[in-house]
Amino acid sequence: QVQVVESGGGLVQPGGSLRLSCAASGIIFSIYDMGWYRQAQGKQREFVATITRSGRTSYGDSVKGRFTISRDNAKNTVFLQMNSLKPEDTAVYYCNTEPFTHWGQGTQVTVSA
């Protein structure tokens, strides 16, 4: 019954911004930690950001200062605000619940001129 659905991906130019959303259902959202991960073509999955049930955030080194994770418990949604996007940010972005993991299908982000 658990569903995790990412959205908001697309094609953006370098230096641009994009906001990803992850809507979860079938869980008590407010007690779960939430995370974003990404996987570029031919590369391993990379940690992007997490936000705990209490709102504490953590970021991967490659996105610190550019990305911001947040959550809206009333909407059962976690967001990833991405600024100053670079071509190397191109990847499929996945959302997951923690500690009992439920992965979404991912949303493609392509940063290209």
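This text walks through the structure from the whole chain down to single residues.

The model is predicted. Start with the overall make-up. The protein chain has 10 strands and 0 helices. Along the sequence, strand simply follows strand, giving the pattern β-β-β-β-β-β-β-β-β-β. The radius of gyration is 13 Å, close to the 13 Å that the globule rule gives for 113 residues, so the chain is as compact as a globular protein of that length. Along the principal axes, the C-alpha atoms fill a box of roughly 40 × 25 × 25 Å.

Now consider inside and outside. Of the 113 residues in the chain, 42% are buried. The accessible surface comes to about 6,100 Å². Carbon and sulfur atoms hold 46% of that surface. Contacts add to the picture. Take the contacts with a separation of 6 or more: 52% of them involve residues 24 or more positions apart.

Next come the sheets. One open sheet has 4 strands in the order β1-β3-β8-β7, and its pairing is antiparallel. Strands β1 (3-7) and β7 (67-72) stand at the edges. Each has a single partner strand, so one side of each is left without a neighbour in the sheet. From one strand to the next, the twist averages 15°. Look at one pair in this sheet. Strands β1 and β3 are antiparallel and share 5 bridges. Valine 4 stands opposite alanine 24 in β3.

Another open sheet has 6 strands. Their order is β2-β10-β9-β4-β5-β6, and the pairing is mixed. The edge strands here are β2 (10-12) and β6 (57-59), and each pairs on one side only. The twist averages 25° from one strand to the next.

Follow strand β4 within this sheet. It covers residues 33-39, and 5 of its 7 residues are buried, so β4 is largely enclosed by the rest of the structure. Its pairing with β9 is antiparallel, over 7 bridges. Its pairing with β5 (residues 46-51) is also antiparallel, over 5 bridges. Arginine 38 stands opposite glutamate 46 in β5. Strands β4 and β5 form a hairpin with 6 residues between the strands. In this hairpin, glycine 42 takes a positive phi near 75°.

Turn to strand β9, which spans residues 91-98. Besides pairing with β4, β9 is joined by 3 bridges to β10 (residues 107-111), and these two strands run antiparallel. Tyrosine 93 stands opposite threonine 107 in β10. Cysteine 95 in β9 is the bridge partner of tryptophan 36.

Which residue is joined to cysteine 95 by a disulfide? The partner is cysteine 22, with an S to S distance of 2.0 Å. A disulfide is a covalent bond between the sulfur atoms of two cysteines. The structure holds 1 disulfide. This link ties distant parts of the chain together: cysteine 22 lies in β3 (residues 18-25) and cysteine 95 in β9, 73 residues apart. Strand β3 belongs to the sheet of 4 strands, while β9 belongs to the sheet of 6. The angle about the S-S bond is -80°, and the link is left-handed. Are its two cysteines buried or exposed? Cysteine 22 and cysteine 95 are both buried.

Conventions:
Residues numbered from 1 in each chain as written. Predicted model: local features only at pLDDT ≥ 70, side-chain atom pairs only at ≥ 80, totals over all residues. Heavy atoms only, no water. Pairing = 2+ DSSP bridges. Axes fitted to C-alpha atoms, helices over the stretch in contact; angles between N-to-C directions. Disulfide = S-S within 2.5 Å. Buried < 20%, exposed > 50% of the residue type's maximum accessible area, 1.4 Å probe, protein only. Rg over C-alpha atoms; globule rule 2.2 N^0.38 Å. Contact = heavy atoms within 4.5 Å. Areas by Shrake-Rupley, 256 points an atom, 1.4 Å probe, with all protein chains shown as cover.
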